[in-house]
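I opened the file to look up helix packing, a few single residues and the nonpolar core. The notes below follow the order in which I went through them.

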Amino acid sequence: MTRMGGELVRENAGGRSLRGHQTVTLGLLFFAGMVNFLDRSSLAIANTTVRAEMHLNATQMGWLLSAFSLAYGVAQLPLIGLLDRAGTRKVLGGGLVLWSAAQMLTGLVRGFPMFIALRVLLGVGEAPFYPAGVRSVREWFSAKTRARATAVMSSSSTIGLAVAPPLLTWIMLSLGWRAMFVVLGAAGLAVAVAWIALHRARRETEFHEEVVETKTPEAAWRALIRQRTVWGMMLGWGGINYTVWLYLAWLPGYLQEQRHLSLARTGVVAAVPFLAGAVGMWSSGVVSDWLAHRGEALTTVHRRNIVCGMLVSALSTFLVARSATTVEAVAGISGAIFCIHFAGTSGWGYVQTVSPLKYVASLGALQNFASFMIASAGPVLTGWLLDRTHSFTIALSVCSAVTLLGAVSYATLAAPDGMRLER
């Protein structure tokens, strides 16, 4: 054992300290998240170009966007119990390989059916990322540092989304949209190799002495689905993901079709709201850890962050629908994304706080499944409304209402006293 920063740090057989393992794990999760969200945003960036080349209408594009999120949501169910049994190294590593291969093959697609199939595979492959990440953070970080670690992991999504518009637009304008998909798939395969080679799950090391009972998928499902708090979290998280997924899927299209920006200009402007989202995530982590150090209960901190963030996000989206200028619209979208990610980071913190370790990954997967069944309506409904009204106004108003209902669910059903699981 060695002493670092005034605290004892245990080493494993390979000599890597606890702090070293935390750094490696969090770094790998950050880069996996970056690739994850670059891949998710790639079709949104190429939206108008792909529609023109493949002669698709907005409703068909909505189905392509929703095929990913539906598959992503359904694929959460097999993760209930699986991550606890097979381990994050194998499950996330396999997911990285699958989603990266699907992304590369998308560059070769010629017809709508094959496009749909590859979007489904992309969703299935990306499904383990957040449940595996949440479990890894829950394993390796203490309660007083976990919120910041979760914020770093989660911020990879908004940083990826912020980088995506200018970077992917540049690649697309230089090499074409098909090459863009191939390049992203190759980057994902590189991260997969690093994760499998460097990450080690807790039971393979000597860092922790706590013995965790592994639950079968059936036992975990039965235990969780009986909890009132879990139902409130599933419905409430649907409000968060609906907002996130609507802007992720349609922001570039909104800027081009509603605000009449060029493709190149969209690549710059679309980065601004997602940078605001990254700041929202970091702010949530810093505020939560600061309040935890002051002695406030983490369940109270996270739930308050979630409800307040969702309420302000709903109001911001409502104002976007009625904005008169591009500047007003981008400011409103930035506020909505800042607040929804402030809430969302605490949403994952709430999972870690109300759940025993043996249920954390399963609860994260179940929450994601339910929320994506709700959120998947966003892209296709938006495309359908766009084809019929030639405007995003109604779609944005619907998004505001869904976010508001999610906040109500967290404020009522998701109270921590409705969670009764053995520790």
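I began with the cut-off that I need for the first residue: a residue is buried when its relative accessible area is under 20%, exposed when the value is over 50%, and partly exposed in between. I also keep in mind throughout that this is a predicted model.

Entry one, L26 and G27. I looked up L26 and found it in helix α1, which covers residues 18-45. Its relative accessible area is 15%, and because this is under 20%, I entered L26 as buried. Setting aside neighbours within four places in sequence, I listed F141, A149, V152 and M153 as the contacts of L26. I then took a C-alpha to C-alpha distance, and noted that L26 and G133 are 8.5 Å apart in space although 107 residues apart in sequence. G27 is also placed in helix α1, but at 24% relative accessibility I had to enter G27 as partly exposed. For G27 and S17, which are 10 residues apart in sequence, the C-alpha to C-alpha distance is 15 Å.

Entry two, α1 against α9. I asked at what angle the axes of α1 and helix α9 cross. The axes come within 10 Å, with α9 spanning residues 177-198, and the crossing angle is roughly 160 degrees. The two helices, α1 and α9, are therefore roughly antiparallel to each other, and I recorded their crossing as left-handed. On the α1 side the contact includes V24, T25, L28 and L29, and on the α9 side it includes M180, F181, L184 and A187. Sorting the residues of this contact of α1 with α9 by type, I got 16 nonpolar, three polar and one charged.

Entry three, T106. I found T106 in helix α5, residues 88-106, and its relative accessibility of 3% puts T106 among the buried residues. Not counting residues up to four places away in sequence, T106 touches F115, L118, W177, R178 and F181.

Entry four, α11 against α16. I next compared helix α11 (residues 228-257) with helix α16 (residues 357-375), whose axes come within 7 Å and cross at roughly 55 degrees. That angle makes α11 oblique to α16, and I noted the crossing of α11 past α16 as right-handed. Among the residues making the contact are M233, M234 and W237 of α11 and L363, L366 and Q367 of α16. The contact of α11 with α16 divides into 13 nonpolar residues, five polar and no charged.

Entry five, Q367. Is Q367, at its relative accessibility, buried or exposed? The value is 0%, so I entered Q367 as buried. Q367 lies in α16, and leaving aside neighbours within four places in sequence, I found Q367 in contact with M233, M234, W237, G347, W348, V351 and Y410.

Entry six, the nonpolar core. I looked up the largest nonpolar core, which has 114 residues, and wrote down V50, W177, I240, Y254 and Y410 as those with the most contacts inside it. The largest share of this core, 16 residues, comes from α11. I followed I240 further and, not counting residues up to four places away in sequence, listed I306, M310, I340, A343, G344 and Y410 as the residues that I240 touches.

Terms used:
Residues are numbered from 1 along each chain as its sequence is written. This is a predicted model: local features need pLDDT of at least 70, side-chain atom pairs count only at pLDDT 80 or more; totals for chains, interfaces and linings use all residues. Side-chain values use heavy atoms; hydrogens and water are left out. Axes are lines fitted to C-alpha atoms, for helices over the stretch in contact, and angles run from 0 to 180 degrees between N-to-C directions. Angles under 35 degrees count as roughly parallel, over 145 as roughly antiparallel, 65 to 115 as roughly perpendicular and the rest as oblique. A crossing is left-handed if the near helix is turned anticlockwise from the far one by less than a right angle, and right-handed if clockwise. Contact means heavy atoms within 4.5 Å. Ala, Val, Leu, Ile, Met, Phe, Trp, Tyr, Cys and Pro count as nonpolar, Asp, Glu, Lys and Arg as charged, and the others, Gly among them, as polar. Buried means under 20% relative accessible area, exposed over 50%, partly exposed in between (1.4 Å probe, protein chains only). A nonpolar core is a set of buried Ala, Val, Leu, Ile, Met, Phe, Trp, Tyr and Cys residues joined through side-chain atoms within 4.5 Å.
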